[in-house]
Structures are given as C-alpha cells and as structure tokens.
Amino acid sequence: MAHHSAIRSMQRIVEQQAEASPEAEARDGVQSMLDEGKVLVVTGAGVSTDSGIPDYRGPNGSLQRHRPMTFQEFRYRPEARQRYWARGYVGWRHMGNAEPNDIHRRLVQWEREGRINGIITQNVDGLHQQAGSRRVIPVHGDLSIVRCLDCGHTEDRLHFDARLQAANAGYLEAVEIDPEAVNPDGDVELPQYLVDQFAMVACENCGSLVLKPDVVYFGESVPPARKEAMAQLQAESTSLLVLGSSLAVMSGYRILLDFVKLGLPVALITNGHVRGEQKATWRWRVPLGQALDQLS
C-alpha cells in the first residue's frame, strides 16, 4: 500500500492552477516580505540546478527518464539495493563535486541581515549548509550520511566511499557517464553487468548489508524530530517564500497550507507551476537567478 502511494506521489504532475502575478507586483510583494523580516524560505531542486544538479519535475528533470526507488523496494529487495549502490557509487562523485551557486549565497546574505528566519529545503545535496546558511532543516535528509537500517549506526559518506573504493578497485575506470545524466539523488544509469560486478561493503558496527543514504525515500516518513524543528521554525515566521519547488510532495505542500490557513503572505518564485499556487499571495514565474537579481 505504502509503495503504491509512493509511486503516485512521485508521478504527480503539477499543472497550472492560476495565472502568474504581474511581475512588478510580485517583485514588490516579495521585497516587502524581506524588508519586514521573519521570512521562512522553502527551497526545492530549482535552487541547485545552477550548481549542475538536475531537478525532478522540470521539462528536463530526471523524472522524465528515471523513477526513484521507493523505501519499500530498497528495504526488502537486495537486488534493488545492489543496483542503487552501484549506480550511487558512480553518480555521487558528481554530487560530491557540486558547489553552492549565487542563489545559495544570496540566502546566506539574507539570513545574516535578518531578512529570513531560516530554510526548509527539500534538497539532499547539503549546498545550503556548504554555502554558510546556519538554520537549515533538510526535510528529506542528507546524502552525506549513510545509515544502517538494522542497527542504526551512521557513517560519513566520505568514509563509506573510501571503503567502497577499496572493495572496487578499477571499477570507476570502467565506467563512462554523462554528468548531465546524474539524478538529484546521486543515482545514474549503469548497464546490468556493471551492477553485478559491484562489491558492496557491510556496516562497520553489525555487519549488515542493509545500508541506506540518510535521506527520506518516497514511501518513507519524515523523522518526528525533524517535523518538530520545522514546526518551530514555521511558528517563528510571519511569511513564506517558496523558491524552485513545485511542492508536489506533501512535506512541502503542507507548509503552504499552514501559512494560508493562518492568513500569512505566501510568495512563489519558480519557472514552473506549484501545487496550491492559486492559494498564494504572489506568483512570480521567472528564473530564480533573474528574480533574485531584482531583490535587495
């Protein structure tokens, strides 16, 4: 049941529900929110595309060519885990080399100036933290941590990757990939024979092979402690600014609904459409970089 629900969630197409606001009106509305301060920013994959990480649902997004694995598949199918880690071992190299872009740096500036309270990000790339943002809640987790699903032991991804390299000498040299084919979760397509040749390593604590990146998969719940931190940040904020997200999944869409219910301003900046966009105060449909260049 959870698996099928997860498939429906990842396949959700967000279509136009309302016209864009006049550009000057939207710009002035967002600027007024920033000038007042206490803005909660929710970010999606569109924030990281300028860092070379593709989005999910855009015209060239990874969902056009790739369906992410559900939690149920990962947990209960060893062949699915083998496929994920073989492909992730190769693709994470690209993710690990990604660097923050001007959008990440602008958000750091706004936080230091007291314009924004913090960031709830749907991204798992860690680029907000790398750029210097201090109050960041990665609602879907962080690819830089690996967790054992049997004993709960965690391991830094760099250390884990070094263990994989030791177990797979010469493997990377046998693989040729297009960096643009890497998906937002670090996954990349590989032929089956390379998947079969990949050697997985075990948990250092209990010896289990059921190791998973510490991210929330489709079909998996956001940890309670993270939900509490999000609720606290929402309670301290007086407006919502959504950047580069379609809010297609409930973890993001619920935030918009909460702010609308309280009658607080909601602004959306994205090139595409946003779930619940008809409920927003302002809808600014332009590339993120172009919009932020017009804000102070």
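## Threonine 121

The side chain of threonine 121 comes within reach of the backbone nitrogen of asparagine 123, at 3.1 Å, and a polar contact (a pair of N or O atoms within 3.5 Å, one able to donate a hydrogen and the other to accept it; residues adjacent in sequence count only if both atoms are side-chain atoms) of 2.7 Å links its side chain with that of threonine 43. Threonine 121 belongs to strand E2, residues 116-121, strands (E, at least two residues) and helices (H or I, at least four) being DSSP runs numbered from the N terminus.

Threonine 121 is buried, at 2% relative accessible area, where buried means under 20% with a 1.4 Å probe and protein chains only.

## Basis of the model

This is a predicted model, in which local features need pLDDT of at least 70 and side-chain atom pairs pLDDT 80 or more, while totals for chains, interfaces and linings use all residues. Residues are numbered from 1 along each chain as its sequence is written, and side-chain values use heavy atoms, without hydrogens and water.

## Helix H4 and the cores

Helix H4, residues 78-97, has a kink of about 40° centred on tyrosine 89, the bend being the angle between axes fitted to the seven residues ending there and the seven starting there. Its buried residues include Trp85, Tyr89 and Trp92.

The largest nonpolar core (buried Ala, Val, Leu, Ile, Met, Phe, Trp, Tyr and Cys residues joined through side-chain atoms within 4.5 Å) has 32 residues, with Tyr171 and Leu190 making the most contacts inside it. H4 gives the most to this core, with eight residues. Another core, of 23 residues, lies apart from it and includes Ala26 and Ile119.

Note on methods:
Buried < 20%, exposed > 50% of the residue type's maximum accessible area, 1.4 Å probe, protein only.
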